[in-house]
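Trainee: I have a model open and would like to learn how to read it. Where should I start?

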Amino acid sequence: MSATLKETLKTISKKLAPGITAQYRNGRIVFLVRTSRTTENGTFKANLGTFISIDEAVRALVDWKTNNIFKST
C-alpha cells in the first residue's frame with residue numbers, strides 16, 4: 001500500500017463518526033464499524049462488521065447504539 005493511500009485512508013477516517021474507520025481491502029475502500037459499551041459488569045466491545053458504503057456503516061452504528069440505549073432504560 002502506498003504512502004498516499006495510507007494518508008487518504010487516515011483523512012477519510014478522521015471525517016467519519018467515532019467507531020468507523022476506512023481500510024483498503026481487495027482493491028476497494030471499505031468501512032469497519034467497531035464500538036463499545038460500558039455497564040456495571042464491564043466494557044463490552046462489538047465488531048459490527050465491514051461495509052462497502054458509508055451509509056450502511058453509519059446505519060449499523062446508529063442501530064446498535066439506539067438498540068442499546070433502549071435496553072438500558
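Mentor: Start with one pair of side chains. Lys-10 and Glu-7 both sit in helix H1, 3 residues apart, which is about one turn of the helix.

Trainee: What links the side chains of Lys-10 and Glu-7?

Mentor: The general idea comes before the case. Side chains of opposite charge can pair when their charged atoms come close. Here the side chains of Lys-10 and Glu-7 meet in a salt bridge, at 3.9 Å from N to O. The cut-off for such a pair is 4 Å, and the count by this rule comes to 1 salt bridge.

Trainee: Is Glu-7 buried, exposed or partly exposed?

Mentor: Glu-7 has a relative accessibility of 46%, so it counts as partly exposed. Lys-10 is exposed.

Trainee: How far should I trust the coordinates?

Mentor: This is a predicted model. Where pLDDT is low, the predicted coordinates should not be read in detail. In this case the protein averages a pLDDT of 89, and 92% of the residues score at least 70.

Trainee: Which elements have the lowest and the highest mean pLDDT?

Mentor: H2 has the lowest among the elements of the protein, with a mean of 84, and E1 has the highest, with 95.

Trainee: Back to H1. How many residues does it have, and how far does it reach?

Mentor: H1 has 13 residues, and its first and last C-alpha atoms are 19 Å apart, close to the 18 Å expected at 1.5 Å a residue.

Trainee: Which residues of H1 are buried, and which are exposed on the other side?

Mentor: The general idea is about helix turns. An α-helix has 3.6 residues a turn, so residues three or four places apart point the same way. In H1 the buried residues are Leu-5, Leu-9 and Ser-13. They lie on the same side of H1 because they cover an arc of only 75° around the axis. On the other side of H1, the exposed residues are Ala-3, Thr-4, Lys-10, Lys-14 and Lys-15.

Trainee: What do the buried residues of H1 pack against?

Mentor: They pack against E1 and E2. Take Ser-13, in helix H1. Its relative accessibility is 19%, so Ser-13 counts as buried. Leaving out residues up to four places away in sequence, Ser-13 touches Ile-20, Thr-21 and Ala-22.

Trainee: Which residues make up the largest nonpolar core?

Mentor: There are 11: Leu-5, Leu-9, Leu-16, Ile-20, Ala-22, Phe-31, Val-33, Phe-51, Ala-57, Ala-60 and Leu-61. At least two residues of this core come from each of H1, strand E1 (20–25), strand E2 (28–39) and helix H2 (54–72). H2 gives the most, with 3 residues.

Trainee: Which residues does Phe-31 touch?

Mentor: Setting aside residues up to four places away in sequence, the contacts of Phe-31 include Leu-16, Ile-20, Ala-22, Phe-51 and Ala-57. Those five also belong to the core. Gly-49, Thr-50 and Ser-53 are among the other residues that Phe-31 touches.

Trainee: Where is Thr-43, and which residues does it touch?

Mentor: Thr-43 lies in strand E3, residues 42–51. With residues up to four places away in sequence not counted, Thr-43 touches Ser-36, Arg-37 and Thr-38. Its relative accessible area is 46%, so Thr-43 is partly exposed.

Trainee: What about a loop residue such as Ala-17?

Mentor: Ala-17 is in the loop between H1 and E1. Ala-17 counts as partly exposed because its relative accessibility is 34%. Ala-17 and Asp-55 are 38 residues apart along the chain, and their C-alpha atoms are separated by 11 Å.

Terms used:
Residues are numbered from 1 along each chain as its sequence is written. This is a predicted model: local features need pLDDT of at least 70, side-chain atom pairs count only at pLDDT 80 or more; totals for chains, interfaces and linings use all residues. Side-chain values use heavy atoms; hydrogens and water are left out. Helices (H or I, at least four residues) and strands (E, at least two) are DSSP runs, numbered from the N terminus. Buried means under 20% relative accessible area, exposed over 50%, partly exposed in between (1.4 Å probe, protein chains only). Contact means heavy atoms within 4.5 Å. A nonpolar core is a set of buried Ala, Val, Leu, Ile, Met, Phe, Trp, Tyr and Cys residues joined through side-chain atoms within 4.5 Å. The expected span of a helix is 1.5 Å times one less than its number of residues. The arc is that of the directions from the helix axis to the C-beta atoms. pLDDT is the predictor's confidence in each residue, from 0 to 100.
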